[in-house]
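User: Could you walk me through reading helices and a sheet in a model like this one?

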Amino acid sequence: MSQSIVVVIRENPLKTHRAVEALRIALGLGTGENPLTVILLDQAPLLIAEDIEDIVDADILEKHLPVFKELRTPFVVQAGTEGRFALDPDFNVREASGQEIASLIATADRALVF
């Protein structure tokens with residue numbers, strides 16, 4: 001029986017390498033049989049923006065993003081995020097309320113927060 005995994009990233013990718021590292025870890029977790037959802041909070045949606053040039057470790061990020069697109073990994077962002085950031089439309093992104101995000105985290109079998 002597969003167990004759901006939620007990875008929450010709230011690190012600012014413009015200021016620290018931790019956001020890219022968290023996404024790399026999520027990729028490793030998402031290639032198995034367990035369903036993965038990535039929640040991007042605060043400035044973390046910049047990881048899947050159309051322009052990632054100013055992100056710390058952007059060269060590493062560029063290597064991993066195509067796999068997320070190919071796997072159609074679900075990304076969840078806070079309501080209103082798509083109006084604040086120019087997100088790449090090739091990603092599987094949906095907006096959710098704070099309550100929905102809290103519920104996703106609470107009902108996951110495993111949750112990692114970065």
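Analyst: Here is a short tour of one helix and the sheet. This is a predicted model: local features need pLDDT of at least 70, side-chain atom pairs count only at pLDDT 80 or more, and totals for chains, interfaces and linings use all residues. Residues are numbered from 1 along each chain as its sequence is written, and side-chain values use heavy atoms, with hydrogens and water left out.

User: Which residues of helix 1 are buried?

Analyst: Helices (H or I, at least four residues) and strands (E, at least two) are DSSP runs, numbered from the N terminus. Buried means under 20% relative accessible area (1.4 Å probe, protein chains only). In helix 1 that gives Ala-19, Val-20, Ala-22, Leu-23, Ala-26 and Leu-27. Seen down the axis, they fall within an arc of 155° (directions from the helix axis to the C-beta atoms), so they line one face of helix 1.

User: What covers those buried residues of helix 1?

Analyst: The cover includes strand 1 (5-9), strand 2 (36-40), helix 2 (58-71) and strand 3 (74-78).

User: And the sheet: what is the order of its strands?

Analyst: Two strands pair if DSSP finds at least two bridges between them. Here 5 strands form an open sheet in the order 4-3-2-1-5, with parallel pairing. Strand 4 (92-96) and strand 5 (110-113) are the edges, each pairing on one side only. From one strand to the next, the twist averages 20° (axes are lines fitted to C-alpha atoms, for helices over the stretch in contact; angles run from 0 to 180 degrees between N-to-C directions).

User: How many bridges join strand 1 to strand 2?

Analyst: There are 5, and the two strands run parallel. Ile-9 stands opposite Leu-40 in strand 2.

Conventions: Buried means under 20% relative accessible area, exposed over 50%, partly exposed in between (1.4 Å probe, protein chains only). Contact means heavy atoms within 4.5 Å.
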